[in-house]
Amino acid sequence: MPAISYKSLHDYQPKELLDAIAARRGAGGVINLDRMLLHSAPFTEGWNTFFGKVRGSLDLNDKLREIATCAVAKLNDASYEFFHHKPYWMRAGGTEAQATALNDVDAAAADQKNFDATERAVLRLAIEMTRNVKVTPEAIATARKALPGDQQLVELIGVIAAVNMAARFLIATGVEI
């Protein structure tokens, strides 16, 4: 049960905002997260623009972005986030074995069978940023070595931070799948 009722879409104003969300979401349409955000048009506009860029404009590999997203979702017990991002991860090259392995993110970060070195570096960074906030120099160095350049490293750090924000919003408001 959500902590705050979902905003009705019937006659929602400003209509342009609702249209922008629908356009970003594509075939999936407006989801419960959007219906919660729509209580504040300015917040929704910012969220829509920000996450549109995170999902569609980064140089970071899509698979790595979604591994990070799903790992943060698991670490925060944000089932809504995992539910909505697992399909993107699978389309980007993730496997069911990897998704199952993420039930224990710590073990997955050491799992050489299901995750390559770059994926393990992403998982380690996600763990440290989510649990500790402060990241060890070793985790940064490992991620830097695994990625093509500092742009991708900054983007990965940004994705992990953004997904942590989303997870906290989803959990606090009780948004349901």
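In this predicted model, nine salt bridges are counted. As general background, side chains of opposite charge can pair when their charged atoms come close. The charges available for such pairing come from 20 positive and 21 negative side chains, and the centres of these two sets lie 1 Å apart.

A good place to begin is the bridge between K63 and E119, whose side chains meet at 2.8 Å, N to O. This pair joins distant parts of the chain, since K63 belongs to helix α4 and E119 to helix α8, with their positions 56 residues apart in sequence. Are these two residues buried or exposed? Both K63 and E119 turn out to be buried.

A second bridge brings together the side chains of R131 and D106, again at 2.8 Å, N to O. R131 sits in helix α8 and D106 in helix α7 (residues 105-108), so this pair ties together parts of the chain that are 25 residues apart in sequence. Here the surroundings can be followed residue by residue. R131 has a relative accessibility of 47% and therefore counts as partly exposed, and D106, with a relative accessible area of 31%, is partly exposed as well.

A third bridge links the side chains of R25 and D34, with 2.9 Å from N to O. The relative accessibility of D34 is 2%, and because buried means under 20%, D34 counts as buried. Salt bridges can also form a network, and R55, D62, R65 and E66 are linked in this way.

E66 is worth a longer look. This residue is placed in helix α4 (residues 62-76), and at 1% relative accessibility it counts as buried. Which residues touch E66, once its neighbours within four places in sequence are set aside? The contacts are R55, H85, Y88 and W89. R55 is thus a contact of E66 as well as a member of the salt-bridge network.

The contact with H85 leads on to helix α5 (residues 79-91), where H85 has its place. With a relative accessible area of 11%, H85 is buried, because that value falls under 20%. Apart from neighbours within four places in sequence, H85 is in contact with R55, E66, T69 and C70. R55 therefore appears in the contact list of H85 and in that of E66, as the two lists of heavy atoms within 4.5 Å show.

Another buried position is V122, in helix α8 (residues 117-131), with a relative accessible area of 1%. Beyond its neighbours within four places in sequence, V122 contacts L64, I67, A68, L156 and I160. By way of contrast, N48 is 74 residues from V122 along the chain, and the C-alpha atoms of the two are separated by 25 Å.

Turning to the whole protein, the fold contains ten helices and zero strands. The radius of gyration is 17 Å, close to the 16 Å given by the globule rule for 177 residues, so the protein is as compact as a globular protein of that length. Along its principal axes, the C-alpha trace spans about 50 × 30 × 30 Å. Of the 177 residues, 45% count as buried. Among contacts with a separation of 6 or more, 62% are between residues 24 or more positions apart. Finally, the protein exposes about 9,000 Å², of which carbon and sulfur atoms supply 55%.

How values were computed. Residues are numbered from 1 along each chain as its sequence is written. This is a predicted model: local features need pLDDT of at least 70, side-chain atom pairs count only at pLDDT 80 or more; totals for chains, interfaces and linings use all residues. Side-chain values use heavy atoms; hydrogens and water are left out. Helices (H or I, at least four residues) and strands (E, at least two) are DSSP runs, numbered from the N terminus. The radius of gyration is taken over C-alpha atoms; the globule rule is 2.2 Å times the number of residues to the power 0.38. Buried means under 20% relative accessible area, exposed over 50%, partly exposed in between (1.4 Å probe, protein chains only). Accessible areas come from the Shrake-Rupley method with a 1.4 Å probe; for residues, only the protein chains shown count as cover. Lys and Arg count as positive and Asp and Glu as negative; His and the chain ends are not counted. The place of a charge is taken as NZ of Lys, CZ of Arg, CG of Asp or CD of Glu. A salt bridge is a side-chain nitrogen of Lys or Arg within 4 Å of a carboxyl oxygen of Asp or Glu.
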